[in-house]
Amino acid sequence: MLPLVVALTVALSAPCPAPDHTAPTRPGPLLIDVSSGGVVLRWAPSTDDRGPIHYQVYERDRLVTTVTEPGYQYSAFPPPPGIFIFAVRTIDEAGNVSAAAYQSLGRIWRGDEVPPAPTDLRLASGVLSWTAPALPPGGFVPPVAGYEVLLDGRVAGRLGGTSFVLDERARVYGVRAINAVDQLSPVAELVTASGRPPSRG
């Protein structure tokens with residue numbers, strides 16, 4: 001019985017790793033190679049503070065596949081006439097997602113469209129969250145690819161979700177959207193009196 005007690009004590013006393021709240025870096029730029037060999041997507045790899053990572057490939061908001069390497073053959077044949085909108089984002093083992101890299105096959109956006117800012121910034125239990133900006137349907141406006149979080153004007157992180165776990169306090173919390181053509185929205189700000197986020201317990 002003694003060895004079991006000792007083993008259980010050692011297992012219970014082993015330190016638990018800290019939760020992973022850091023999103024992987026944004027992949028890209030996303031490149032499309034169209035030839036007689038079909039449609040091939042390629043992008044620069046992402047990095048993550050812990051790894052491993054996977055890449056999720058989308059076409060018009062439809063998840064096509066998940067891969068482990070920075071490339072994917074979308075089609076073995078040349079595509080039919082039309083507009084294809086591809087996106088790739090990175091996801092880590094903890095479920096944190098990066099901002100997405102976009103590219104279209106066929107011109108659909110001018111390239112200078114500025115996204116609207118996120119709204120409804122709120123701070124609770126050490127988590128900054130916000131509401132995604134509303135965009136008109138149809139795909140004629142570049143979709144939001146992710147967000148940039150600023151603490152007192154300094155970039156603290158870039159991610160694909162709408163919440164950010166804070167590791168430090170600030171007086172001014174800001175969030176701005178990044179869209180598919182890499183334009184930044186105006187900064188939505190939340191100013192606190194003390195600059196101290198609530199404890200996460």
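Two strands are said to pair when DSSP finds at least two bridges between them, and with that in mind the reader can begin with an open sheet of 3 strands, whose order is β1-β2-β5 and whose pairing is antiparallel. The strands β1 (30-35) and β5 (71-75) stand at the edges of this sheet, and because each has a single partner strand, one side of each is left without a neighbour in the sheet. On average, and with direction ignored, neighbouring strands here are turned by 20° against each other. The model in which all of this is seen is a predicted one.

Within this sheet, the antiparallel pairing of β1 with strand β2 (residues 38-43) extends over 6 bridges, and one place to find it in the structure is at Ile32, which stands opposite Leu41 in β2.

It helps to step back to the chain as a whole before going on. The chain contains 1 helix and 14 strands, and of its 201 residues, 40% are buried. Among the contacts in the chain with a separation of 6 or more, 61% are between residues 24 or more positions apart. The accessible surface of the chain comes to about 11,200 Å², and carbon and sulfur atoms account for 58% of that surface.

A further open sheet has 4 strands in the order β4-β3-β6-β7, and here too the pairing is antiparallel. Its edge strands are β4 (62-67) and β7, each of which pairs on one side only. Neighbouring strands of this sheet are turned by 25° against each other on average, again with direction ignored. The antiparallel strands β6 and β7 are joined by 5 bridges, and the bridge partner that Phe84 finds in β7 is Leu105.

Strand β3 (residues 53-59), from the same sheet order, holds Gln56, a residue that repays a closer look. Gln56 counts as buried because its relative accessibility is 11%, and the cut-off for that class is under 20%. The side chain of Gln56 makes a polar contact of 3.3 Å with the side chain of Tyr58, and another polar contact, of 2.6 Å, joins the side chains of Gln56 and Arg89. When residues up to four places away in sequence are not counted, Gln56 touches Leu63, Thr65, Thr66, Ala87, Val88, Arg89 and Ile91.

Between β6 (84-92) and β7 (101-105) runs a loop, and Gly95 lies in that loop. With a relative accessible area of 41%, Gly95 is partly exposed. Although Gly95 and Asp20 are 75 residues apart in sequence, their C-alpha atoms are 9.0 Å apart in space.

The aromatic residues offer another way through the structure. A pair of aromatic rings is described by the distance of the centres and the angle of the planes. A search of the whole structure finds 6 aromatic pairs. One of them is formed by Tyr74 and Phe86, whose ring centres are 4.8 Å apart and whose planes are at 80°, so that the pair is edge-to-face. Since Tyr74 lies in strand β5 and Phe86 in strand β6, this pair ties together parts that are 12 residues apart in sequence. The two residues can also be described by their accessibility: Tyr74, at 21% relative accessibility, counts as partly exposed, whereas Phe86 is buried, with a relative accessible area of 0%.

A second example is the pair of Trp130 and Tyr147, which is edge-to-face because the planes of the rings stand at 65°, with the centres 5.4 Å apart. Trp130 lies in strand β9 and Tyr147 in strand β10 (residues 144-151), so this pair ties together parts that are 17 residues apart in sequence. Both Trp130 and Tyr147 are buried. Returning to the earlier residues, Tyr74, Phe84 and Phe86 form one aromatic cluster.

The strand that carries Trp130 also takes part in a hairpin. Strand β8 (residues 119-124) and strand β9 (residues 127-131) pair in the antiparallel sense over 4 bridges, and Arg122 stands opposite Ser129 in β9. The hairpin of β8 and β9 has 2 residues between the strands, and in this hairpin Ser125 takes a positive phi near 50°.

Definitions and conventions. Residues are numbered from 1 along each chain as its sequence is written. This is a predicted model: local features need pLDDT of at least 70, side-chain atom pairs count only at pLDDT 80 or more; totals for chains, interfaces and linings use all residues. Side-chain values use heavy atoms; hydrogens and water are left out. Buried means under 20% relative accessible area, exposed over 50%, partly exposed in between (1.4 Å probe, protein chains only). A polar contact is a pair of N or O atoms within 3.5 Å; within protein, one must be able to donate a hydrogen and the other to accept it, and residues adjacent in sequence count only if both atoms are side-chain atoms. Contact means heavy atoms within 4.5 Å. Accessible areas come from the Shrake-Rupley method with a 1.4 Å probe; for residues, only the protein chains shown count as cover. Axes are lines fitted to C-alpha atoms, for helices over the stretch in contact, and angles run from 0 to 180 degrees between N-to-C directions. Rings of Phe, Tyr and Trp (its six-membered ring) pair if their centres lie within 6.5 Å; planes under 30 degrees apart count as stacked, over 60 as edge-to-face and the rest as tilted.
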